[in-house]
Number of protein chains: 2
Amino acid sequence: MTEPSAFYAVVPAGGAGTRLWPLSRAGNPKFLLDLTGSGRSLLQQTWDRLRPLADGVVVVTGSRHANAVAAQLPDLGAEGLLVEPSPRDSMAAIGLAAAVLTQRLPGEDVVIGSFAADHVITESEAFATAVRTAVEVARQDLVVTIGIEADHPSTAFGYVEMADPVAEVPGSFTVAAFTEKPDAETAAAYLATGRYRWNGGMYVARARVLLNHLLRYQPTMHAGLLEIAAAWDSAARDEVTARVWPSLTRIAIDHAISEPLAAEGGIAVVPASLGWSDVGDWRSLADLTPADDGGARILGDARLVRGLGAEGAMVVPGSGRTVVVLGVPDAVVVDTPDALLVSTRERAQDVKSIVDALAADDRRDLL
Amino acid sequence: MTEPSAFYAVVPAGGAGTRLWPLSRAGNPKFLLDLTGSGRSLLQQTWDRLRPLADGVVVVTGSRHANAVAAQLPDLGAEGLLVEPSPRDSMAAIGLAAAVLTQRLPGEDVVIGSFAADHVITESEAFATAVRTAVEVARQDLVVTIGIEADHPSTAFGYVEMADPVAEVPGSFTVAAFTEKPDAETAAAYLATGRYRWNGGMYVARARVLLNHLLRYQPTMHAGLLEIAAAWDSAARDEVTARVWPSLTRIAIDHAISEPLAAEGGIAVVPASLGWSDVGDWRSLADLTPADDGGARILGDARLVRGLGAEGAMVVPGSGRTVVVLGVPDAVVVDTPDALLVSTRERAQDVKSIVDALAADDRRDLL
């Protein structure tokens, strides 16, 4: 017998989107950008997807971006914005939200779901159905992940291996294991079995269940987060946070809870076909962007771009200048007021090494 | 027995350098640009080469560029600058100079040599020797061209076919014929014979000999130029020029004189190895530009450029922005304040079609 339970969406909004440089910058990161030409940033699109599904939405972000998040989400409200004093990875961010919500709603059986602020999902209906199913599975005291149907044997993502169906909820399965990012051969073998899905890092669980697992696996962290949560909506917040937050272990929720819990049989997966992308680099953004008549993919004012022999090129005319791409199929051309990137879709992953080199040269003005 | 003769260099300074867009523009054409990073424009380098060889230098240019030419060549003087009211091709430009110099120096046997304002010559000594030899041959009443040793079977240039030596001047030959730009097979066959040189459009001749040929081949033009020259250094210049200049036939000196005269045996060639380039497009400019450690060729401030996998790339950081080229060997990246070109050395010739398309769209702001 399940009681009615409130569902809160938690949105960790962090990460610079380094491989989308020079459009994405430390001060204006990927989640704040409109990367789909929709007029809404990835954060706003995440909000648009989640708001109708949840009793509340909480965004966890760094102090540097708190004002920008509040400006982009005017309906979020002060209570919905949890500001981290410093980055402590995803376990701290999600754990903080779980602890604060539990503190705020003492009589309620809160289910939370964590969804990144900087992913794209085109199949909103399928997403809504998957989230509702996951909430139902979470009432079985399982931690639930949404397993994304893989449309190619990607080596850029970890995978979830599905095991047996969860009897109580059709369309859900226990998780045999999470895998690291595989090599190409392994990825192809995964897909051939039909049992593997991409791990998009979306987790749904009862807040108390999640905190109980945290108590078992990371007791010091659990204690710290509960201390912070107790003070959060009081005058003591700043003092307690300043004292305790820096001591929290930097660890991803995948390592802190998901992987060990999967080994215990405590994780379930709801497989879904979401039109999902992590928009991790220029190549994946190009895949998302519709082609124009000449086959170029333009993010921004198409009148600024002239392509000839630019099939498959990804062009961002971001400085107001005319951009001509002549005879460079699959080019990546990102034009911003202070920096220009000319590359190819094939070399998209290596943008990170450019950013690293700029950082090594202390070119913070460009990062 | 040859009399002492004055030698005047004539420099037609025209042509937009369309295939070097977006660096070269109608308002700031190729000959005004420093394309070699030397601190001197192509026009200035032409001046630097010719001034020590000649008794005087005359630049023929359009009214739009007269001020810029005068500013770049402060020692040219008002008399050295012949301003065309409108472009009438090379025969009118060189014929005007020949007629004006003849008018100004009535008692002298003037030899003139015509040299484009927008070519690069790295072997200045060889050039000086070739010009001196050509002046000597011109005293035999021949029209003399300097035949450039071809270092590859180019299909971008016309060729000069050498015939027998000119007995009076060692190192010179009569010309059997001028050829059109050949196809690749023909060009290779030309080189195999050892008798062909590139036609760089450099002509040396007695002014009176040149005018006499013009009288034979283009009598109306001859009369018009003499009428203009008679008025040039008088108060009547503007009136006469405005009336007569627009009526002059638009024709290149190659078609007006060189080709028919070669058929009569009236042309000689002085072959020379000059390190010559017409810098006709980004590919040929790349060939001229030294490579940096990573193999990229940078025209401008190298500190603005980061190349990784950019071997053979030609990069012009011309807007002050940082330019990153990642994994695009042989790229051509030309960054200017209002327009950006991303192409490859292989597609360099096609830049013209982009400029044509911009012109068709009436984007004069970018031309």
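Let's start inside chain B of this predicted model, where B:Val143 sits across from B:Ile267, a residue of β10(B). That pairing belongs to a longer run: strand β6 (residues 143-148) of chain B and β10(B) go side by side in the parallel sense, with six bridges between them. β10(B) also pairs with strand β8 (residues 173-179) of chain B, this time antiparallel and over two bridges. If you want a spot to look at there, take B:Thr174, whose bridge partner in β10(B) is B:Ala268.

So how many residues of β10 (residues 267-272) of chain B are buried? Six of its six, which makes the strand mostly covered. Both of its faces are covered, too: B:Ile267, B:Val269 and B:Pro271 are buried on one side, and B:Ala268, B:Val270 and B:Ala272 are buried on the other.

Hop over to chain A for a couple of helices. Helix α7 (residues 219-232) of chain A has 14 residues, and at 1.5 Å a residue that should give a span of 20 Å; the C-alpha atoms at its ends are indeed 20 Å apart, so the expectation and the model agree. The buried residues of α7(A) are A:Met221, A:Gly224, A:Leu225, A:Leu226, A:Ile228 and A:Ala229. Their cover includes three other helices of chain A, namely α3 (89-104), α6 (207-217) and α8 (237-244).

Helix α1 (residues 42-50) of chain A has its own buried set, made up of A:Leu42, A:Leu43, A:Gln45, A:Thr46, A:Trp47 and A:Leu50. Here the cover includes strands as well as a helix: β1 (7-13), β2 (56-62), α2 (66-72) and β5 (120-121) of chain A.

Leading up to that helix is the loop between β1 and α1 of chain A, and A:Gly17 lies in it. Is A:Gly17 buried or exposed? It counts as buried, because 24 other C-beta atoms lie within 10 Å, and 20 or more is what the label takes. Setting aside neighbours within four places in sequence, A:Gly17 is in contact with A:Ser24, A:Pro29, A:Lys30 and A:Asp118. For a sense of scale, A:Gly17 and A:Asp362 are 345 residues apart along the chain, while their C-alpha atoms are separated by 18 Å.

Now for the place where the two chains meet. The contact draws 29 residues from chain B and 29 residues from chain A. On the chain B side, β13 (305-308), β15 (322-326), β16 (331-335), β17 (339-344) and α11 (351-360) each supply at least two residues. β17(B) gives the largest share, six residues. By type, this side of chain B splits into 16 nonpolar, six polar and seven charged residues.

Strands carry on across the boundary. Strand β15 (residues 322-326) of chain A runs parallel to β17(B), and four bridges join them; within that pairing, A:Val324 stands opposite B:Leu341. Look also at the open sheet of six strands ordered β12(A)-β14(A)-β16(A)-β17(A)-β15(B)-β13(B), with mixed pairing. Its edges are β12 (297-298) of chain A and β13 of chain B, each of which pairs on one side only. At the chain B end, β13(B) and β15(B) run parallel with four bridges between them, and B:Leu308 stands opposite B:Leu326. Helix α11 (residues 351-360) of chain A lies across β17 (339-344) of chain A together with β13 and β15 of chain B, at about 135° to β13(B).

For a single-residue view, zoom in on B:Val325, which lies in strand β15 of chain B. B:Val325 is buried, with 27 other C-beta atoms within 10 Å. Apart from residues up to four places away in sequence, B:Val325 touches A:Val342 from the other chain, plus B:Ala296, B:Gly307, B:Ala310, B:Ala313, B:Val315, B:Ala331 and B:Val333.

Finally, how do the two copies relate? Chain B superposes on chain A by a rotation of 180° with 0.0 Å of shift along the axis, at an RMSD of 0.0 Å. The copies are therefore related as by a two-fold rotation axis. In chain B, the C-alpha nearest that axis belongs to B:Val342, 3.8 Å away. The interface fits this picture: 100% of the interface residues of chain B are interface residues in chain A as well, so the copies meet through the same surface.

Definitions and conventions
Residues numbered from 1 in each chain as written. Chains lettered and ligands numbered in written order. Predicted model: local features only at pLDDT ≥ 70, side-chain atom pairs only at ≥ 80, totals over all residues. Contact = placed C-beta atoms within 7 Å. Nonpolar A, V, L, I, M, F, W, Y, C, P; charged D, E, K, R; others polar. Pairing = 2+ DSSP bridges. Expected span 1.5 Å × (residues − 1). Buried ≥ 20, exposed ≤ 12 C-beta atoms within 10 Å, placed from the backbone. Axes fitted to C-alpha atoms, helices over the stretch in contact; angles between N-to-C directions. Least-squares fit on C-alpha atoms with pLDDT ≥ 70 in both.
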